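Dear colleague,

Please find below the structure that I am handing over to you. My notes on it follow.

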Amino acid sequence: MTQTSAPRTARARARDELTREIKDVARRQLAEQGSAALSLRAVARELGMVSSAVYRYFPSRDELLTALIVDAYQAIADAAEGAESRVRRGDLVGRWLAIVRAMRGWAMEHPHEYALIFGTPVPGYAAPADTVSPAARIPLLLLRLCIDAAEAGRVPTTNHRPMPRPVRADLKALREALAPTVSEHQLAVVLMGWAQLVGSISFELFGHLHNTVHDYESYFDYQMRGVAKQLGLG
């Protein structure tokens, strides 16, 4: 017999709805004033609530900030994973381009949330362990893509570059924990590709390419196809 979950109570639904409202107001604050100015008291004022009521949902500004950061990581990862899942498994370059285009598209639509997770750190805020798993979703997606490339016999273009001993030690530990089938060189290229991806989106989003690049989409695709070649995807 199939068991069905118990219906959620009206109180639980109301709590979820108010939690969403609090986070929506906080996101507007991020857009208008920046993450450093985020204030539970200001959120309460906009909602027409007393501060103590908001504190029952988020006991501190940092807990609200963490919730926004986790939401942002989950949302951009959902976009990337959804786009990648619709591409044929053997099309490694196509999967890579689906991931990076989805990331860029999400960032352009949610610039302040992107800045929250990939921009300037919030003064006085230390991200808790709750953010680690959401933050790792896209890097792990890229790692799986490169594992597929390695199993198909493809290698990065930088596979024979000398690697400093301390770097090799770090990458060896990471490889043994996450991807024993790839080499330290391949893992290094994944990290470099991830840095180029985030950097490229950030350069565009934060205006560093203004008056330098006029067709951002074409430049982004050109750059990302080059990274795909470095990764050994095609």
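**Notes on the helices**

E151 is found in helix α7. Please bear in mind throughout that this is a predicted model. E151 is exposed, its relative accessible area being 59%, which is over the 50% cut-off. The C-alpha atom of E151 lies 11 Å from that of G90, although 61 residues separate the two along the chain.

Helix α7 itself comprises 20 residues, 132–151. At 1.5 Å a residue these should span 28 Å, and the C-alpha atoms at its ends are indeed 28 Å apart, so expectation and model agree. The helix nevertheless bends by about 35° at I138, and a proline, P139, follows within four residues. After α7 comes G153, with a positive phi near 85°.

The buried residues of α7 are P134, R137, I138, L141, L142, L143, L145, C146, I147 and A149. I138, the site of the bend, is thus listed among the buried positions. Their cover includes α4 (61–85), α5 (92–109), α8 (165–178), α9 (184–205) and α10 (216–231).

Three of these covering helices deserve a further remark, as does the pairing between two of them.

Helix α4 contains T66. T66 is buried because its relative accessible area is 9%, under the 20% cut-off. Leaving aside residues up to four places away in sequence, T66 touches Y125, P128, D130 and T131.

For α9, the same check on length can be made: at 1.5 Å a residue, its 22 residues should span 32 Å, and its end C-alpha atoms are 32 Å apart, which agrees. Helix α9 is followed by G207, whose phi is positive, near 85°.

Lastly, there is the packing of α5 against α10. Two packed helices are described by the angle between their axes and the distance between the axes. For α5 and α10, the angle is about 140° and the axes are 10 Å apart. The two helices are therefore oblique to each other, since only angles over 145 degrees count as roughly antiparallel. Their crossing is right-handed. On the α5 side, the residues involved are V93, W96, L97, V100, R101 and R104. These meet Y216, E217, F220, D221, M224, R225, V227, A228 and L231 in α10.

With kind regards

Definitions and conventions: Residues numbered from 1 in each chain as written. Predicted model: local features only at pLDDT ≥ 70, side-chain atom pairs only at ≥ 80, totals over all residues. Heavy atoms only, no water. Expected span 1.5 Å × (residues − 1). Bend = angle between axes of the 7 residues up to and from the residue. Buried < 20%, exposed > 50% of the residue type's maximum accessible area, 1.4 Å probe, protein only. Contact = heavy atoms within 4.5 Å. Axes fitted to C-alpha atoms, helices over the stretch in contact; angles between N-to-C directions. Parallel < 35°, antiparallel > 145°, perpendicular 65-115°, else oblique. Left-handed = near helix turned anticlockwise from the far one by under 90°.
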